[in-house]
Amino acid sequence: MKNNKAKVRNFHQAKWDEEIIFELDTPGECGMLTPQIEPEIEQLVGDGISTLPQNMKRVRPPELPEVSQMRVLKHFLRLSQQCLGADFNIDIGQGTCTVKYNPKINEVLAGNENASQIHPLQDQSTVQGALEIMYKLESFLKEISGMDRFSLQPSSGSAAIFTMASIIQAYHKSRGQAEQRDEIITTIFSHPSDAAAAAVKGYKVITLYQNEDGLPDAEALKKVVSNRTAGLLITNPEDTGIFNPRIVEFTRIVHQAGGLCGYDQANANGILGITRAKEADFDLCFFNLHKTFGAPHGCGGPGSGSLGVNKKLMEFLPVPVVGFDSEKYFLDYNLPNTIGKTRSFYGAFPVILKAYAWIMSLGADGLTEAANVAVLNNNYLLEKIKKIKGAAAPYAKGRHRIEQVRYSWEPLFADTGITTEEVTFRLADFGFHLWSSHHPFVVPQPFTIEPTESYSKDELDEYLAGLEHVVREAYEDPEKLKGAPYNSVVHKIDHSTLDDPKKWAITWRSYLKKHKCTD
Amino acid sequence: MDKRKEFVHPYIPNSVPQVKARMLKEIGVESIEELYEDIPESLRFKGKMNIPQALGSEYDLKRHVEQILAKNRSCSKNISFLGGGCWRHYVPAICDEINHRSEFLTAYAGEPYEDHGRFQSLFEYQSLMAELLDVDVVNVPTYDWCQAASTAMRMAERITGRSEILVVDTVNPDRLSAIRNYCTPVLTVTTLKHDEQTGMIDLDDLKAKMSANVAGVYFENPSYLGIIESQGQAISDIVHSNGALSVVGVDPICLGLLTPPSGYGADITCGDIQSLGLHMYYGGALGGFIATRDEEKFVMEYPSRLFGITKTAVEGEYGFGDVAYDRTSFGVREKGKEFVGTAAALWGITAGVYLSLMGPKGMTELGRHILQKSQYAMAMLSKLKGVKVPRFESSHFKEFVVDFSQTGKTVEQINKALLDENIFGGHDLGGLSKELDNCALYCVTEMHTKADIDKLVTVLSKCLG
């Protein structure tokens, strides 16, 4: 059923050939004037500098570029045009990232001076509004997950995973078992941080690989649990989009061995209001406010990872949490075995505020509707992509998925030699992203698509038309793909210098030292 | 509450019933319920989430949230002297402009082709910070200063192979708490004392606690209490002569004026970019930086992404990419250095804009302005009966401790009186230590006018009698 509205766009990204800011340096120009000190003050205290210890007076001013204000603005606006945000493209190709619509009203609300101009150490009577929003967001997340208490402090999903690992360790320490329980179990299709953050806490990480259904195996889990097990950190559905129906067996096996179960809910978007951490018997869970709950990704942050726990783990949460004494909200530091701080102050407040507003806009039924439509959209795409020659959807044959699918271009690669990376670079010529997979590539030539609930059927069809077009090109004219992209911001990048300590340049000054002749 | 039964939500295009039906038909199922076949009945949530029903219109949402926010009192309408890890500095309009750009706001993890602008702006952030800090390597931002300092400690451990760190007791208490958690169980954290008169590090205590088991020493300059540490080189020398690393935390707003840590032997510099064009947001806008020399043994220990500049197939074109990607957990999971993920990129871009606007002169003049203004405040406050300011006999930048213990009033009482006059007094340090009982941490920036400071003094004078 062809959608005639689904055109393959004759797209060209903005391309300014813009300099590096340092190349715009013109001595004497200035972008900002600072306020002048009042003359009476200067009369009283002098230049101030003479009181500084001599060795702490900066000798040479920092070599920042001198650029007039309009040129700075132009520079960064041009760079922004050379960046493909979700507001501009059909951003369904960033699987696992849940790139949904970030409502503009939430940006307006976060810009309110009573959100942006408040200081974290203000008397709590003067920030009751901020505390109310945090308290209420927590109450929503408790409803969604069934957990008993939340900390909004962790800065991101990975930070929340680290906090889970910290709490798990603190729990076992409180029972004299921290040294004995030095292993954390995770799965290969859970986020890399589920493994890496546990390792920071000194845990030995045991990673379960998938069986032929694409799921971690309960029997394999039984073989690796023991009295050394501190816990399980797992995502469900995993990055394949397949829900593990035996998850309760998993948590039971780990609990029986004396471990705790932590639920990485980065993939919550398809199951809001449908299934919860509590019924799957998790002890801890977290949500990404910058994914599921509509706060923007910001090029890679700020984000927020809200961490929920059951009653027995409440005492270990980072402090403070937000309390309500029936009259006023307050910052509660009274958690007897808190792991302390994982971040300064209380959490990424603007992100928290946007998530609160997103939930209030949708309401309880709206959350479930968002989940339902995300799943509908995903299975619609699955049905269509399965039919594209060259594409495959490994595992769970004939079955549906939840909110995303881990696909494979393996047949395309076998037929044409075109890799998933080459498809991705050519898709940029049509204004699309396409992401492969976390490493290692268990699924060969992987690509992962997560449509969320934000895009219309016409938009999904447009993305499909783009995929089909590029695949057709791969079969008919593979050389075309090998030189891509052509209509993007730059041409084929030479990555060879980036792993060579003699050649890598992480800053402009380093680049000048290593690659340019200086007079 | 929106009482319309079945409404299509503006954020969910395919909630239109006819579109849903068509899509279901194309999938070949009768209902969405069939798509959830893998979730067993026993795991289905059968209850109702006690979350309000949809507010409905955007207008209703706006009013609702604004009503809650109206319960706050902001630093725009009150004079705030609060600091302690979050500070009120002027945010240029262009910082807001770029921070709000849709392209940057809604981009995420695209390739260095279609997201070239993201890579370049973060590379420029790294580069601008490098000039301020006088180093050759700066990371894509991590969460905040707590994380930057904690990671710096773990980097020191990995580089030296040793198992103890020394942390001065005048660092921000949040930092010490985060470092303790982050270093458990791999590193022991031992605190170092400060000199009771100057507030600077007690060098004798450092020498006594230094050993071949110490991986690194961490201090902040200026310290949490605003004191400028003048013994930086001496500290680094002691640290280096024992084969350990010198790690220094700094609020970069002072670096137009003050010597950067690399100038007195710091091997790793860390800190927060909050002062550089970020609004306070209740302490919710933070970004951590880690900076070092460009030596392989340091670079390979960063957990963060590091964006590098390179060439493309076209002469003169700049391309960007990840330096040593397989160093990270993205590359090799638990075999990578610590972990990496979404952190504070947009704040990094914003800080880059700030530094581009301010330039060298702006940063130097701003530093001097803050210095003069805070000295003015100290001078005027010291005229008040029973008030000792600054509490410690040292140079200060931006922040200083005011000792009210001889006034007969507690900081709590004083701050209540100030609040009645729309002034947020300095943070009560009483909980920290006996030494700081009835002391408050005051912060003065370029956003305080002389009149603001004079008003503080007038109100305090009335309160203290």
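Here's a quick tour of this two-chain structure, from overall build to a few odd spots in the backbone.

What you're looking at is a predicted model. The predictor gives the complex an ipTM of 0.98 and a pTM of 0.98. Chain A has 519 residues, and chain B has 465. The two chains meet along an interface that takes in 177 residues of chain B and 179 of chain A.

**Chain A at a glance**

- Chain A is built from 15 helices and 11 strands.
- Along its principal axes, the C-alpha atoms of chain A fill a box of roughly 80 × 65 × 45 Å.
- Is that what you'd get from a compact globule? What would be the radius of gyration of a compact globule with 519 residues, and what does chain A have? The globule would come out near 24 Å, and chain A has 26 Å, which agrees.
- Of the residues in chain A, 61% count as buried.
- Take the contacts in chain A between residues at least 6 apart in sequence, and 74% of them join residues at least 24 apart.

**Chain B at a glance**

- For chain B, the secondary structure comes to 14 helices and 14 strands.
- The C-alpha trace of chain B spans about 80 × 55 × 50 Å along its principal axes.
- Buried residues make up 63% of chain B.
- In chain B, 70% of the contacts with a separation of 6 or more are between residues 24 or more positions apart.
- The mean pLDDT of chain B is 97, and 98% of its residues reach 70 or more.
- The domain assignment splits chain B into domain 1 (13–69), domain 2 (79–89 + 363–464) and domain 3 (93–354).
- Domain 2 of chain B is written as two stretches, 79–89 and 363–464, with domain 3 (93–354) falling between them in sequence.
- Measure up domains 1 and 3 of chain B by their C-alpha centres, and they lie 43 Å apart.**Where the chains meet**

- Which helix gives the largest share of the side of chain B that touches chain A? Helix α12 (residues 345–381) of chain B does, with 25 residues.
- That side of chain B divides into 87 nonpolar, 51 polar and 39 charged residues.

**The nonpolar core**

- The largest nonpolar core holds 323 residues, and A:Ile352 and B:Val247 are the ones that touch the most other members.
- Helix α10 (residues 349–385) of chain A supplies the largest share of this core, 23 residues.
- Setting aside neighbours within four places in sequence, A:Ile352 is in contact with A:Ile133, A:Met134, A:Leu137, A:Leu152, A:Leu289, A:Ser304 and A:Gly347.

**Backbone oddities**

- Most residues other than glycine have a negative phi, and most peptide bonds are trans. A few spots here go the other way, as the next points show.
- The peptide bond from B:Thr184 to B:Pro185 is cis, with omega near 0°. You'll find B:Pro185 in the loop between α7 (173–183) and β4 (188–192) of chain B.
- The bond from B:Val389 to B:Pro390 is cis too, with omega near -5°. B:Pro390 sits in the loop between α12 and β11 (399–403) of chain B.
- A:Thr96 isn't a glycine, yet its phi is positive, near 70°. The loop that holds A:Thr96 runs between α2 (69–81) and α3 (104–111) of chain A.
- Is A:Thr96 buried or exposed? A:Thr96 is buried, because 24 other C-beta atoms lie within 10 Å, and 20 or more is the cut-off.
- B:Glu338 also has a positive phi without being a glycine, at about 50°. Its place is the loop between α11 (329–332) and α12 of chain B.
- B:Glu338 is buried as well, with 26 other C-beta atoms within 10 Å.

**A closer look at B:Tyr182**

- B:Tyr182 lies in helix α7 of chain B.
- With 26 other C-beta atoms within 10 Å, B:Tyr182 counts as buried.
- Not counting residues up to four places away in sequence, B:Tyr182 touches B:Ser150 and B:Arg154.
- B:Tyr182 and B:Ala343 are 161 residues apart along the chain, and their C-alpha atoms are separated by 17 Å.

Definitions and conventions
Residues numbered from 1 in each chain as written. Chains lettered and ligands numbered in written order. Predicted model: local features only at pLDDT ≥ 70, side-chain atom pairs only at ≥ 80, totals over all residues. Helix = DSSP H or I, 4+ residues; strand = E, 2+ residues; numbered from the N terminus. Rg over C-alpha atoms; globule rule 2.2 N^0.38 Å. Buried ≥ 20, exposed ≤ 12 C-beta atoms within 10 Å, placed from the backbone. Contact = placed C-beta atoms within 7 Å. Domains from an automatic or database assignment. Core = buried A, V, L, I, M, F, W, Y, C linked by C-beta atoms within 7 Å. Nonpolar A, V, L, I, M, F, W, Y, C, P; charged D, E, K, R; others polar. pLDDT = per-residue confidence, 0-100.
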